[in-house]
Amino acid sequence: MTPSDQVRRRLAAISSTTLTMQQLRVLAILHAHDPQRATELANRLQVSAATTSGILDRLEAGGYLERRQHELDGRARAITLTPRGRASILAFVD
């Protein structure tokens with residue numbers, strides 16, 4: 001694939017998505033560092049825990065991610081991409 005083909009494909013992905021830039025950032029972080037805790041995501045995004053929670057709620061409702069019990073800390077939730085979330089971010093990064 002030529003560089004201009006890559007640009008065209010990414011522009012098409014951007015124009016067809018309903019995700020916000022912050023939501024895409026969350027998907028990209030999870031793509032690189034899956035799973036994450038909400039506090040880790042908030043730190044990486046440099047936003048508050050409340051802001052992160054709202055972003056995660058919308059992504060979870062859309063089927064892009066899921067929250068599971070953390071393997072090492074039963075009090076924490078591990079946030080991980082779903083197949084839909086992974087497919088969505090791959091349109092931008094690969």
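Of the 94 residues of the chain, 33% count as buried. The model is a predicted one. The chain holds 5 helices and 2 strands. Along the sequence these elements follow the order α-α-α-α-β-β-α. Among contacts with a separation of 6 or more, 49% link residues 24 or more positions apart.

Helix packing was examined through α2. Two packed helices are described by the angle between their axes and the distance between the axes. Helix α2 spans residues 21-32, and helix α5 spans residues 83-93. Their axes come within 9 Å. The crossing angle is roughly 95 degrees. Angles of 65 to 115 degrees count as roughly perpendicular, and α2 and α5 are therefore roughly perpendicular to each other. On the α2 side, the contact is made by Leu24, Leu27, Ala28 and His31. On the α5 side, Gly85, Arg86, Ser88, Ile89, Leu90, Phe92 and Val93 take part. By class, the residues of this contact divide into 7 nonpolar, 3 polar and 1 charged.

Helix α2 also packs against helix α3, which covers residues 38-45. The axes of α2 and α3 come within 11 Å and cross at roughly 115 degrees. The crossing of α2 past α3 is right-handed. From α2, the residues involved are Gln22, Arg25, Val26, Ile29 and Leu30. They meet Leu41, Arg44 and Leu45 of α3. The contact of α2 with α3 comprises 5 nonpolar, 1 polar and 2 charged residues.

The loop between α2 and α3 contains Pro35. A cis peptide bond joins Asp34 to Pro35, with omega at about 0 degrees. Both residues of this cis bond are in contact with Thr80. Thr80 belongs to strand β2, residues 77-81. The side chains of Thr80 and Asp34 make a polar contact at 2.9 Å. Beyond its neighbours within four places in sequence, Thr80 also contacts Leu65, Glu66 and Arg68. Is Thr80 buried or exposed? The cut-off for burial is under 20% relative accessible area. Thr80 has 13% relative accessibility, so Thr80 counts as buried.

Ala78 is a further residue of strand β2. Its relative accessibility is 9%, and Ala78 therefore counts as buried. Residues up to four places away in sequence aside, Ala78 touches Pro35 and Gln36. Ala78 also touches Glu66, Arg67, Arg68, Gln69 and His70. Pro35 thus recurs, being listed among the contacts of Ala78 and among those of Thr80. Glu66 and Arg68 likewise appear among the contacts of Ala78 and of Thr80. The C-alpha atoms of Ala78 and Ala38 are separated by 7.7 Å. These two residues lie 40 residues apart along the chain.

A backbone feature was noted at Gln46. Gln46 is not a glycine, yet its phi is positive, at about 60 degrees. Gln46 sits in the loop between α3 and α4, the latter covering 49-61. The exposure cut-off is over 50% relative accessible area. With a relative accessible area of 72%, Gln46 is exposed. Ala78, in contrast, counts as buried at 9%, as does Thr80 at 13%.

Notes:
Residues are numbered from 1 along each chain as its sequence is written. This is a predicted model: local features need pLDDT of at least 70, side-chain atom pairs count only at pLDDT 80 or more; totals for chains, interfaces and linings use all residues. Side-chain values use heavy atoms; hydrogens and water are left out. Axes are lines fitted to C-alpha atoms, for helices over the stretch in contact, and angles run from 0 to 180 degrees between N-to-C directions. Helices (H or I, at least four residues) and strands (E, at least two) are DSSP runs, numbered from the N terminus. Angles under 35 degrees count as roughly parallel, over 145 as roughly antiparallel, 65 to 115 as roughly perpendicular and the rest as oblique. Contact means heavy atoms within 4.5 Å. Ala, Val, Leu, Ile, Met, Phe, Trp, Tyr, Cys and Pro count as nonpolar, Asp, Glu, Lys and Arg as charged, and the others, Gly among them, as polar. A crossing is left-handed if the near helix is turned anticlockwise from the far one by less than a right angle, and right-handed if clockwise. Buried means under 20% relative accessible area, exposed over 50%, partly exposed in between (1.4 Å probe, protein chains only). A polar contact is a pair of N or O atoms within 3.5 Å; within protein, one must be able to donate a hydrogen and the other to accept it, and residues adjacent in sequence count only if both atoms are side-chain atoms.
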